[in-house]
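Hi,

Here is the structure I said I would pass on. Have a look at it first, and my notes follow below.

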Amino acid sequence: MAASTTPDLLLLPLSLNFRKAQAYYNDVEGTSLSGNDPKLQEQITQGLALSEAALRQVSTQSVFSQNELVDDLNTGDLRYLLLPFYRGELLLRVTDQSRREALLGEALACLRGFLDDLRRLEVLPKEVARSLEAAESTGPADLATLRDLKVARFKANKINKARMEVLAGRLRRAGQTEEEEEDGEEIEREHMLLLIGCCTHTALDSIRAAEQEQE
(Lines give C-alpha, C1' and ligand atoms only; values in the text may rest on other atoms or scores of the structure.)
Protein backbone atom coordinates (compact mmCIF):
# COMPACT_ATOMS: atom_id res chain seq x y z
CA MET A 1 0.00 0.00 0.00
CA ALA A 2 1.40 3.37 -0.98
CA ALA A 3 -0.08 5.30 1.93
CA SER A 4 -1.15 4.22 5.38
CA THR A 5 -4.69 4.95 6.46
CA THR A 6 -4.56 6.80 9.76
CA PRO A 7 -7.23 6.09 12.38
CA ASP A 8 -8.05 9.81 12.46
CA LEU A 9 -9.28 9.70 8.85
CA LEU A 10 -11.60 6.81 9.66
CA LEU A 11 -13.28 8.98 12.29
CA LEU A 12 -14.25 11.56 9.67
CA PRO A 13 -17.48 11.25 7.65
CA LEU A 14 -17.17 9.18 4.48
CA SER A 15 -18.54 12.07 2.42
CA LEU A 16 -15.78 14.38 3.69
CA ASN A 17 -13.00 11.87 3.01
CA PHE A 18 -14.36 11.38 -0.48
CA ARG A 19 -14.51 15.12 -1.24
CA LYS A 20 -10.94 15.58 -0.04
CA ALA A 21 -9.69 12.56 -1.99
CA GLN A 22 -11.42 13.85 -5.12
CA ALA A 23 -9.91 17.32 -4.61
CA TYR A 24 -6.41 15.87 -4.29
CA TYR A 25 -6.90 13.75 -7.40
CA ASN A 26 -8.11 16.78 -9.38
CA ASP A 27 -5.15 18.85 -8.16
CA VAL A 28 -2.69 16.11 -9.12
CA GLU A 29 -4.38 15.57 -12.49
CA GLY A 30 -4.27 19.28 -13.34
CA THR A 31 -0.85 20.09 -11.89
CA SER A 32 1.96 21.82 -13.75
CA LEU A 33 4.56 20.35 -11.36
CA SER A 34 6.99 17.71 -12.57
CA GLY A 35 6.15 14.12 -11.64
CA ASN A 36 8.89 13.78 -9.03
CA ASP A 37 8.36 17.19 -7.40
CA PRO A 38 8.25 16.63 -3.61
CA LYS A 39 5.17 18.85 -3.29
CA LEU A 40 3.30 16.80 -5.89
CA GLN A 41 4.39 13.53 -4.31
CA GLU A 42 3.07 14.77 -0.95
CA GLN A 43 -0.27 15.60 -2.57
CA ILE A 44 -0.35 12.08 -4.01
CA THR A 45 0.40 10.59 -0.59
CA GLN A 46 -2.41 12.60 1.00
CA GLY A 47 -4.83 11.69 -1.77
CA LEU A 48 -4.00 8.01 -1.37
CA ALA A 49 -4.51 8.09 2.39
CA LEU A 50 -7.91 9.72 1.94
CA SER A 51 -9.05 7.40 -0.85
CA GLU A 52 -7.95 4.34 1.12
CA ALA A 53 -9.78 5.54 4.22
CA ALA A 54 -12.92 6.19 2.18
CA LEU A 55 -12.68 2.76 0.54
CA ARG A 56 -12.47 1.11 3.96
CA GLN A 57 -15.51 3.10 5.10
CA VAL A 58 -17.47 2.08 1.99
CA SER A 59 -16.71 -1.54 2.85
CA THR A 60 -17.43 -1.38 6.60
CA GLN A 61 -20.61 0.62 6.03
CA SER A 62 -21.78 -1.80 3.29
CA VAL A 63 -22.61 1.08 0.96
CA PHE A 64 -22.85 -1.28 -2.02
CA SER A 65 -24.35 -4.74 -2.39
CA GLN A 66 -23.29 -7.41 -4.89
CA ASN A 67 -26.83 -7.93 -6.20
CA GLU A 68 -27.52 -4.26 -6.94
CA LEU A 69 -27.77 -2.59 -10.32
CA VAL A 70 -27.12 1.08 -10.88
CA ASP A 71 -30.82 1.99 -10.65
CA ASP A 72 -30.85 0.57 -7.10
CA LEU A 73 -28.13 2.98 -5.90
CA ASN A 74 -28.84 6.26 -4.20
CA THR A 75 -27.71 9.28 -6.19
CA GLY A 76 -25.49 10.40 -3.32
CA ASP A 77 -23.70 7.03 -3.25
CA LEU A 78 -22.81 6.89 -6.95
CA ARG A 79 -19.71 9.04 -6.39
CA TYR A 80 -18.12 6.37 -4.20
CA LEU A 81 -17.78 4.16 -7.27
CA LEU A 82 -14.95 6.51 -8.26
CA LEU A 83 -12.75 5.69 -5.26
CA PRO A 84 -10.91 2.70 -6.80
CA PHE A 85 -10.30 4.84 -9.89
CA TYR A 86 -8.80 7.68 -7.85
CA ARG A 87 -6.60 5.29 -5.89
CA GLY A 88 -5.40 3.50 -9.02
CA GLU A 89 -4.56 6.71 -10.85
CA LEU A 90 -2.72 8.14 -7.85
CA LEU A 91 -0.72 4.93 -7.37
CA LEU A 92 0.54 5.22 -10.95
CA ARG A 93 1.93 8.67 -10.15
CA VAL A 94 4.07 7.52 -7.20
CA THR A 95 7.70 7.81 -8.36
CA ASP A 96 9.38 5.47 -5.86
CA GLN A 97 11.13 3.16 -8.34
CA SER A 98 12.06 0.64 -5.65
CA ARG A 99 8.34 -0.19 -5.30
CA ARG A 100 7.34 0.34 -8.92
CA GLU A 101 6.40 -3.26 -9.67
CA ALA A 102 4.18 -3.52 -6.59
CA LEU A 103 2.63 -0.12 -7.29
CA LEU A 104 1.77 -1.13 -10.84
CA GLY A 105 0.11 -4.32 -9.58
CA GLU A 106 -1.99 -2.44 -7.02
CA ALA A 107 -2.94 0.25 -9.52
CA LEU A 108 -4.05 -2.32 -12.09
CA ALA A 109 -6.12 -4.15 -9.48
CA CYS A 110 -7.88 -0.88 -8.60
CA LEU A 111 -8.54 0.21 -12.17
CA ARG A 112 -9.70 -3.23 -13.31
CA GLY A 113 -11.90 -3.46 -10.22
CA PHE A 114 -13.39 -0.06 -11.05
CA LEU A 115 -14.36 -1.24 -14.55
CA ASP A 116 -15.57 -4.61 -13.26
CA ASP A 117 -17.84 -2.89 -10.72
CA LEU A 118 -19.40 -0.79 -13.47
CA ARG A 119 -19.84 -3.80 -15.73
CA ARG A 120 -21.60 -5.65 -12.89
CA LEU A 121 -23.86 -2.63 -12.30
CA GLU A 122 -24.58 -2.53 -16.05
CA VAL A 123 -23.43 1.06 -16.37
CA LEU A 124 -20.16 0.59 -18.27
CA PRO A 125 -20.24 2.76 -21.44
CA LYS A 126 -20.71 0.58 -24.51
CA GLU A 127 -17.60 1.98 -26.21
CA VAL A 128 -15.46 1.01 -23.22
CA ALA A 129 -17.16 -2.40 -22.98
CA ARG A 130 -16.34 -3.10 -26.64
CA SER A 131 -12.71 -2.10 -26.11
CA LEU A 132 -12.49 -4.36 -23.06
CA GLU A 133 -13.97 -7.27 -25.01
CA ALA A 134 -11.40 -6.75 -27.75
CA ALA A 135 -8.57 -6.62 -25.20
CA GLU A 136 -9.81 -9.77 -23.45
CA SER A 137 -10.27 -11.79 -26.64
CA THR A 138 -7.92 -14.75 -27.03
CA GLY A 139 -7.05 -14.07 -30.67
CA PRO A 140 -4.70 -11.36 -31.97
CA ALA A 141 -6.30 -7.93 -32.01
CA ASP A 142 -6.98 -6.39 -35.42
CA LEU A 143 -5.20 -3.02 -35.50
CA ALA A 144 -7.91 -1.42 -37.63
CA THR A 145 -10.59 -2.59 -35.19
CA LEU A 146 -8.62 -1.24 -32.22
CA ARG A 147 -8.19 2.08 -33.99
CA ASP A 148 -11.91 2.30 -34.76
CA LEU A 149 -12.75 1.47 -31.13
CA LYS A 150 -10.40 4.19 -29.88
CA VAL A 151 -11.95 6.75 -32.24
CA ALA A 152 -15.44 5.77 -31.06
CA ARG A 153 -14.38 6.16 -27.42
CA PHE A 154 -12.86 9.57 -28.13
CA LYS A 155 -16.02 10.82 -29.84
CA ALA A 156 -18.30 9.49 -27.08
CA ASN A 157 -16.12 11.02 -24.38
CA LYS A 158 -16.15 14.39 -26.13
CA ILE A 159 -19.95 14.35 -26.31
CA ASN A 160 -20.22 13.34 -22.64
CA LYS A 161 -17.91 16.15 -21.51
CA ALA A 162 -19.96 18.71 -23.43
CA ARG A 163 -23.13 17.39 -21.82
CA MET A 164 -21.47 17.57 -18.39
CA GLU A 165 -20.72 21.26 -18.89
CA VAL A 166 -24.40 21.90 -19.64
CA LEU A 167 -25.48 19.94 -16.56
CA ALA A 168 -22.90 21.68 -14.35
CA GLY A 169 -24.45 25.01 -15.28
CA ARG A 170 -27.92 23.71 -14.44
CA LEU A 171 -26.65 22.38 -11.11
CA ARG A 172 -25.27 25.79 -10.23
CA ARG A 173 -28.73 27.26 -10.87
CA ALA A 174 -30.60 24.46 -9.10
CA GLY A 175 -32.87 25.76 -6.41
CA GLN A 176 -33.33 29.20 -7.96
CA THR A 177 -36.77 28.18 -9.19
CA GLU A 178 -39.21 25.54 -7.98
CA GLU A 179 -38.90 23.60 -11.25
CA GLU A 180 -35.08 23.56 -11.12
CA GLU A 181 -35.15 22.44 -7.48
CA GLU A 182 -37.39 19.51 -8.38
CA ASP A 183 -35.03 18.54 -11.22
CA GLY A 184 -31.91 18.91 -9.06
CA GLU A 185 -31.43 15.26 -8.11
CA GLU A 186 -32.11 14.03 -11.63
CA ILE A 187 -29.52 16.47 -13.02
CA GLU A 188 -27.01 15.52 -10.33
CA ARG A 189 -27.47 11.82 -11.09
CA GLU A 190 -26.96 12.26 -14.83
CA HIS A 191 -23.91 14.45 -14.21
CA MET A 192 -22.33 11.87 -11.88
CA LEU A 193 -22.97 8.98 -14.27
CA LEU A 194 -21.36 10.98 -17.08
CA LEU A 195 -18.34 11.75 -14.87
CA ILE A 196 -18.00 8.06 -14.03
CA GLY A 197 -18.26 7.25 -17.73
CA CYS A 198 -15.51 9.73 -18.61
CA CYS A 199 -13.27 8.18 -15.95
CA THR A 200 -13.69 4.75 -17.54
CA HIS A 201 -11.95 6.02 -20.68
CA THR A 202 -9.03 7.29 -18.59
CA ALA A 203 -8.91 4.02 -16.66
CA LEU A 204 -8.79 1.94 -19.83
CA ASP A 205 -5.88 3.96 -21.23
CA SER A 206 -4.05 3.79 -17.88
CA ILE A 207 -4.50 0.01 -17.72
CA ARG A 208 -2.96 -0.42 -21.16
CA ALA A 209 -0.01 1.84 -20.29
CA ALA A 210 0.58 0.06 -16.97
CA GLU A 211 0.40 -3.37 -18.62
CA GLN A 212 2.98 -2.29 -21.19
CA GLU A 213 5.23 -0.99 -18.42
CA GLN A 214 4.91 -4.28 -16.56
CA GLU A 215 6.01 -6.17 -19.64
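In which hand, left or right, does α3 pass α4? The crossing is left-handed. Before I go on, keep in mind that this is a predicted model, so everything below is computed from that prediction.

**The α3/α4 pair**

Staying with those two helices: α3 covers residues 38-60, and its axis comes within 9 Å of the axis of α4. The two axes cross at roughly 150°. Angles over 145 degrees count as roughly antiparallel, so α3 is roughly antiparallel to α4.

If you want to find the contact on screen, colour I44, G47, L48, S51, E52, A54, L55 and V58 on the α3 side. Their partners in α4 are L83, P84, R87, L90 and L91.

How many of the residues of α4 are buried? The count is 10 of the 10, so the rest of the structure largely encloses this helix. The list includes aliphatic names such as L90, L91 and L92, but R87 and E89 are also among the buried residues. Two of the α4 residues that meet α3, L83 and P84, are on the buried list as well.

**Salt bridges**

The total is 12 salt bridges. I picked out three of them for you.

Start with R93 and E29, whose closest N and O atoms are 2.6 Å apart. This pair ties together distant parts of the chain, with the two positions 64 residues apart in numbering. R93 sits in the loop between α4 (83-92) and α5 (100-120), while E29 belongs to helix α2, residues 14-29. Are these two buried or exposed, or in between? R93 has 25% relative accessibility and therefore counts as partly exposed. E29 is at 42%, so it counts as partly exposed too.

The other two bridges are within helix α5. R119 pairs with D116, and the closest N and O atoms there are 3.3 Å apart. These residues are 3 apart in the helix, or about one turn. R119 comes out at 33% relative accessibility, which puts it in the partly exposed class, and D116 at 40% lands there as well.

D117 and R120 also meet through their side chains, at 3.9 Å from N to O. What separates them along α5? They are 3 residues apart, so about one helical turn lies between them. Both are partly exposed: D117 has a relative accessible area of 27%, and R120 has 25%.

Some salt bridges share partners, and in that way E29, E89 and R93 are joined into one network. E89 is one of the buried residues of α4, whereas R93 is partly exposed.

**Cysteines**

You may want to know about disulfides: the structure holds 0 of them. For C110, the nearest cysteine sulfur is that of C199, 14 Å away. C110 is buried, with a relative accessible area of 11%. C199 is in no disulfide either, and its nearest cysteine sulfur, on C198, is 7.0 Å away. The cut-off for a disulfide is 2.5 Å between sulfur atoms, so C199 and C198 do not qualify at 7.0 Å. C199 counts as buried, at 7% relative accessibility.

Cheers

Notes: Residues numbered from 1 in each chain as written. Predicted model: local features only at pLDDT ≥ 70, side-chain atom pairs only at ≥ 80, totals over all residues. Heavy atoms only, no water. Salt bridge = Lys/Arg side-chain N within 4 Å of Asp/Glu carboxyl O. Helix = DSSP H or I, 4+ residues; strand = E, 2+ residues; numbered from the N terminus. Buried < 20%, exposed > 50% of the residue type's maximum accessible area, 1.4 Å probe, protein only. Axes fitted to C-alpha atoms, helices over the stretch in contact; angles between N-to-C directions. Parallel < 35°, antiparallel > 145°, perpendicular 65-115°, else oblique. Left-handed = near helix turned anticlockwise from the far one by under 90°. Contact = heavy atoms within 4.5 Å.
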